[in-house]
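Open the model in your viewer and keep the sequence panel in view. The stops below go from one selection to the next.

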Amino acid sequence: MSKTEKTLTPKLVKKLWIAFTLLVLLMGCSYIFITGYYANKYNMAIAQRVDADIADHLIGEMFKNESPFLEDGTVNKPLFGDLMHDMMAINQSIEVYLLDKTGAVLYSVVLDHTDGTETKNVSLGPIHTFIESKGKAHVLGDDPRNPGEQEIFSAAPFNIDGREGFIYIILAGKELQEASSTLLGPYFSKLGMGAILLSMLFSAVIGLLSIWFLTKNLRLITGTVRSFQEGDLEARIEDPDKSDIAIFANSFNEMADTIVGNMDKMKSVDLLRRELIANVSHDLRTPLAILKGYIETLQMKRQTLSEAEYQDYLQITHDNVDKLSNLINQLFEYSKLEAEQVTPVKEPFSITELSHDLIAKFKVLAEQKQIELELDNPKTNSMVFADVSLVERALQNLIENAIKYTEPNGKVILSIKRKDKNVEINITDTGTGIPLSEQPFIFDRYKQVDKSAKKQGYGLGLAIVKKIMDLHDTTITVLSRPKEGSSFIFNLPAYQV
């Protein structure tokens, strides 16, 4: 037996072996009981068939010369008693009874008739059945000596001197029953002990072989589970559908795939977390270093700086504080979105009015960069059903991103169009565009595409937008070509007034 096969728990094998042994013993005892019962029935049927004519023979032999009845109609007890004794002397297992036509016992040497009463009766139904079948039917009749019990018998009708009745002979009398009980007890004890010992031996051999065969797949599965537990993440149950316990085998394989998949995701998340921390640390370090440098300069050269230089230094310090604040806010915002701590509160609102407000908000920044910022909106007021604050945050990030990567004299357009049951929002710019190879990754957290360009970006703006779209069960699509600009498109469900 291999190491893998030994991994099956001994407790289970023990329980299976005990259950199998008890089952075999129960079958053995049942076999002994059933065999004994039907063997006894068979022997009784044989005995009845062999001695079926004994009653007819008795009538023919006993009453040739002398009537069994006296002139007063009573039984000729001396004659009948002698005949009965002669018959019973030849075969001591029989009991002979003289019955009238109603089944009442008129006389028998085995019964006590001294009190002058006659209380014994024999049912005539079995007697008629026996006579009609000419002794070929296996029928049990009443035992006059043991009321309530039935035995094999032989019977024959007679009609002598106008008296009708039956000779009724019990073929297995009390003496035979006592002898049988005495002999059968030790016989069946020996038979039972032999059968039990043989049953135990066969159950041990057959049980072990059966358990080994039946638990083969379970041992293999247990070994595979143990290997997986010990670190072999590639361990899988081969051909699970062919296993005797296919459901368990398939469930384990699916569970193992899920665990490995989750571990890979955790490794990926951990790697991204490390990259995020490294990149954020770098971006935090840069404005902090600038802040520290300019603050130290202000402290050291306060008396020698002109007012214009002093104001420039303060403005640079202020700008870097804003950058730090923006980065920290984005980190907190993205962390809450990723941890699913934000639940959208959806309500109907005008996406047209929100877009007008955002255009007005970024108008000054766009003019400073000599960028034309426009709203391409149909005359109708477009209503959507969404979280207004989250949608505002997404549009703000997209517009800010578009302005950031658009060169002077360029254009940024926010377009709103009704399409069937949705409202399509499109933010298009004439900026530098996004390389095709990097477009699949632009929504990854902390992914700043244009490494060569001297742009300040934290890589979380588009990742936040993607999370907001996920909360609204919609997707955002990017269409871009290098040096031809980019378009970011998403849909929100329209609200029917």
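How many of the 17 residues of α10 are buried? Keep in mind that this is a predicted model, and begin by selecting residues 388–404, which make up helix α10. Twelve of these 17 residues are buried, so the helix is largely enclosed by the rest of the structure. To see them, colour Leu390, Val391, Arg393, Ala394, Leu395, Gln396, Asn397, Leu398, Ile399, Asn401, Ala402 and Ile403. Polar residues are on that list too, including Arg393, Gln396, Asn397 and Asn401. Then take the distance from the first C-alpha of α10 to its last: the helix reaches 24 Å, close to the 24 Å expected at 1.5 Å a residue.

Next, turn to the sheet. Five strands form it, in the order β7-β9-β10-β12-β11. The sheet is open and its pairing is mixed. Select 372–376 for β7 and 476–481 for β11 to mark the edge strands, each of which pairs on one side only. On average, neighbouring strands here are turned by 15° against each other, direction ignored.

Now select residues 485–493, strand β12. Is β12 largely enclosed or not, and how many of its nine residues are buried? Seven of the nine are buried, so β12 is largely enclosed by the rest of the structure.

Stay on β12 and look at its two neighbours in turn. Add residues 422–429, which form strand β10. Eight bridges join β10 to β12, and the two run antiparallel. One bridge to pick out pairs isoleucine 425 with phenylalanine 490 of β12.

Then bring back β11. Six bridges join β11 to β12, again in an antiparallel arrangement. Among the partners to display are serine 480 with serine 486, and arginine 481 with glycine 485. Follow the chain from β11 into β12: the two strands form a hairpin with three residues between them. In that turn, select lysine 483, which has a positive phi of about 65°.

For the last stop, leave the sheet and select residues 95–100, strand β1. Glutamate 95 lies in this strand. Which side chain does the side chain of glutamate 95 meet in a polar contact of 2.8 Å? The partner is the side chain of tyrosine 97. Glutamate 95 has a relative accessible area of 1%; the cut-off for buried is under 20%, so glutamate 95 counts as buried.

Terms used
Residues are numbered from 1 along each chain as its sequence is written. This is a predicted model: local features need pLDDT of at least 70, side-chain atom pairs count only at pLDDT 80 or more; totals for chains, interfaces and linings use all residues. Side-chain values use heavy atoms; hydrogens and water are left out. Two strands pair if DSSP finds at least two bridges between them. Helices (H or I, at least four residues) and strands (E, at least two) are DSSP runs, numbered from the N terminus. Axes are lines fitted to C-alpha atoms, for helices over the stretch in contact, and angles run from 0 to 180 degrees between N-to-C directions. Buried means under 20% relative accessible area, exposed over 50%, partly exposed in between (1.4 Å probe, protein chains only). A polar contact is a pair of N or O atoms within 3.5 Å; within protein, one must be able to donate a hydrogen and the other to accept it, and residues adjacent in sequence count only if both atoms are side-chain atoms. The expected span of a helix is 1.5 Å times one less than its number of residues.
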